[in-house]
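Thank you for letting me take a few minutes of the meeting. I would like to walk through one structure slowly, and I will try to say at each step what we can read from it.

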Amino acid sequence: MGRFLFYFSYVGTRYRGLQRQSTTGIDDTVQGRLVDFTRDVLRRDLSDPTATLSSLVSSRTDVGVHALNNTITVDFPDRKLNGEQHDLLWIQKILNIKLGKKGEEIRVHSIQQVADNFRCFGKPYRRHYIYRLGIFEDSAYTSSGTPLPIIDRGFVHLIHPPFSMDKFLQAAEVMCGTNNFTSFTSVKKITEEFKNPVRTVSINVKRGAPFMAGSTEECQEKLEFWDVHIISKSFMYKQIRRMVNGLVAVACDMCSVEDLRQTLKDPAHKVKILERSFPPWALFLNNVEYYPKDLIYPGPLPELQKEYRTMTKTLEKYLHLQGYDNDIKDRTRDTISEPDSCSVLNNEERTNNNEIYFIDQISDSDSVHCVGEDLTLNEFSEHISRNGDKNECVLTHSDEIVDSDIRINSKG
């Protein structure tokens with residue numbers, strides 16, 4: 001089994017967001033449609049053509065948000081059933097043909113094989129979004145209908161005067177740098193997903209243009225187009241749309257620069273207008289950027305390393321469900337004896353990935369269910385599936401779970 005990184009774009013208007021919602025039936029999300037079409041292209045070379053391919057998106061966008069360049073990893077056999085390697089250019093070509101024939105507004109730009117343990121969500125060092133604004137130059141124009149060309153409708157958010165670009169830029173300067181963006185996202189999401197609300201952000205404001213620049217003099221005369229470029233390593237739920245709302249609120253004199261500054265310093269400082277979120281249709285994910293060295297395919301991951309990683313994650317997930325949160329990885333390593341062939345891989349990962357990429361973290365070896373017998377990896381996974389809701393102790397002094405050279409040793 002190999003892991004393949006897809007670079008793709010989409011118009012988000014017709015889809016129910018990016019992230020897949022169901023593994024059965026028709027899924028009207030971008031991820032669901034793209035992965036299902038990929039499975040159809042590979043159908044002849046899959047042992048189970050009906051099974052859902054494992055996939056993970058790098059940057060989740062909300063309903064109605066578009067992407068010029070997003071990424072997703074899809075896992076499928078790196079060779080055909082006859083032993084030949086896949087032609088990735090052919091897969092890309094056929095995939096785009098099928099998507100186009102079905103009227104899907106998704107296009108794949110490139111496909112490349114990456115390391116079997118590559119995580120497209122945690123690896124990007126920068127994500128770049130653009131929010132498109134159309135500013136009426138004169139209030140007299142606002143009552144005479146929208147001069148926006150039909151091709152731009154649904155892709156630009158219109159702002160009515162008064163609007164001060166000087167204040168807009170002052171507000172952008174306040175937001176740049178490292179700040180606490182609790183007031184610019186959902187507090188519920190921060191709590192549920194254990195997210196750190198502090199982000200380091202850069203903002204660039206550039207003169208924009210209609211998609212068909214020069215096509216209509218009326219559009220050029222009545223509207224100014226501005227593109228707000230917002231860049232960071234990662235963003236929280238609705239953060240960008242609330243940030244742009246804050247910039248516009250200051251520019252339109254609905255709040256002050258000082259209100260914005262205080263809200264960033266102290267989340268308890270509430271300003272009603274800053275709690276709004278701008279519409280999704282003018283937001284574009286422009287790019288997801290990786291370090292070139294992270295995209296190098298090093299060859300297949302040895303099976304023992306795969307088994308070790310799978311067992312570790314299974315144990316971590318179980319312990320996490322039992323309510324353990326502290327020192328998760330250290331205690332898991334104390335429980336599972338790491339094969340020598342895995343130590344280099346995992347030491348490298350711990351060096352490069354200081355941030356938390358794994359939602360299913362856990363710990364404490366004294367929390368698992370007493371089974372009193374040796375278990376293989378598959379038997380252990382099945383046991384946890386059956387008993388995962390029981391708050392009991394899993395391993396005793398005499399228990400060990402064995403798979404090849406991997407052992408789970410309870411320390412009581």
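Let me begin with phenylalanine 181, which counts as buried because its relative accessibility is 0%, and with phenylalanine 184, which also counts as buried at 0%. Please keep in mind throughout that what you see is a predicted model. The rings of phenylalanine 181 and phenylalanine 184 form an edge-to-face aromatic pair, with 6.0 Å from centre to centre and 70° between the planes.

A search of the whole structure finds 10 aromatic pairs. One of them joins tyrosine 131 and phenylalanine 278, and this pair is tilted, with centres 6.0 Å apart and an angle of 45° between the planes. Here the chain brings together distant parts of itself, since tyrosine 131 belongs to strand 5, residues 126-136, while phenylalanine 278 lies in the loop between helix 7 (257-265) and strand 10 (283-289), 147 residues apart. Are these two residues, tyrosine 131 and phenylalanine 278, buried or exposed? Both tyrosine 131 and phenylalanine 278 are buried.

There is also an aromatic cluster, made of Phe155, Phe211 and Phe284. Phe211 appears again at the surface, where Ile150, Ile151, Phe211 and Met212 form a nonpolar patch with about 410 Å² of accessible area together. Methionine 212, from that patch, sits in the loop between strand 8 (198-207) and helix 5 (217-222), and because its relative accessible area is 47%, methionine 212 is described as partly exposed.

Phenylalanine 211 also has a charged neighbour, for the charged end of arginine 132 sits over its ring, 4.1 Å from the centre. Arginine 132 has a further partner, aspartate 152, and their side chains meet in a salt bridge at 3.2 Å, N to O. That salt bridge links distant parts of the chain, with arginine 132 in strand 5 and aspartate 152 in the loop between strand 5 and strand 6, 20 residues apart. Arginine 132 and aspartate 152 are both buried. A second arginine over a ring is arginine 127, which lies over the face of phenylalanine 121, at 5.5 Å from the ring centre.

That brings me to charge pairs more widely. Side chains of opposite charge can pair when their charged atoms come close. How many salt bridges does the count come to? The count comes to 15 salt bridges. Among them is the one between arginine 20 and aspartate 36, whose closest N and O atoms are 2.8 Å apart. Arginine 20 lies in the loop between strand 1 (2-10) and helix 1, and aspartate 36 lies in helix 1, 16 residues apart. Aspartate 36 is buried because its relative accessible area is 8%, and arginine 20 counts as buried at 14%.

Helix 1 takes part in another salt bridge, in which the side chains of glutamate 104 and arginine 33 meet at 3.1 Å, N to O. Glutamate 104 lies in the loop between helix 2 (88-101) and strand 4 (106-114), whereas arginine 33 is in helix 1, so the pair ties together parts that are 71 residues apart in sequence.

What of helix 1 as a whole? Helix 1, residues 30-41, has 12 residues and reaches 17 Å from its first C-alpha to its last, close to the 16 Å expected at 1.5 Å a residue. Because 11 of its 12 residues are buried, helix 1 is largely enclosed by the rest of the structure.

Helix 6, residues 239-251, can be read in a similar manner: its 13 residues should span 18 Å at 1.5 Å a residue, and its end C-alpha atoms are 19 Å apart, which agrees. Since 13 of the 13 residues of helix 6 are buried, helix 6 is largely enclosed by the rest of the structure.

Let me finish with the backbone. Lysine 238, in the loop between strand 9 (223-232) and helix 6, has a positive phi near 60°, in a residue other than glycine. Aspartate 253, which follows helix 6, has a positive phi near 65°, and aspartate 253 is found in the loop between helix 6 and helix 7. Lastly, a cis peptide bond joins proline 161 and proline 162, with omega at about 5°, and proline 162 lies in the loop between strand 6 (157-159) and helix 3 (165-175).

Note on methods:
Residues are numbered from 1 along each chain as its sequence is written. This is a predicted model: local features need pLDDT of at least 70, side-chain atom pairs count only at pLDDT 80 or more; totals for chains, interfaces and linings use all residues. Side-chain values use heavy atoms; hydrogens and water are left out. Patches are made of residues with over 30% relative accessible area and no salt bridge: like charges are joined within 9 Å, nonpolar side chains (Val, Leu, Ile, Met, Phe, Trp, Tyr) within 5 Å. Accessible areas come from the Shrake-Rupley method with a 1.4 Å probe; for residues, only the protein chains shown count as cover. A salt bridge is a side-chain nitrogen of Lys or Arg within 4 Å of a carboxyl oxygen of Asp or Glu. Helices (H or I, at least four residues) and strands (E, at least two) are DSSP runs, numbered from the N terminus. Buried means under 20% relative accessible area, exposed over 50%, partly exposed in between (1.4 Å probe, protein chains only). The expected span of a helix is 1.5 Å times one less than its number of residues. Rings of Phe, Tyr and Trp (its six-membered ring) pair if their centres lie within 6.5 Å; planes under 30 degrees apart count as stacked, over 60 as edge-to-face and the rest as tilted. A charge sits over a ring if NZ of Lys or CZ of Arg is within 6 Å of the ring centre and within 35 degrees of the ring normal.
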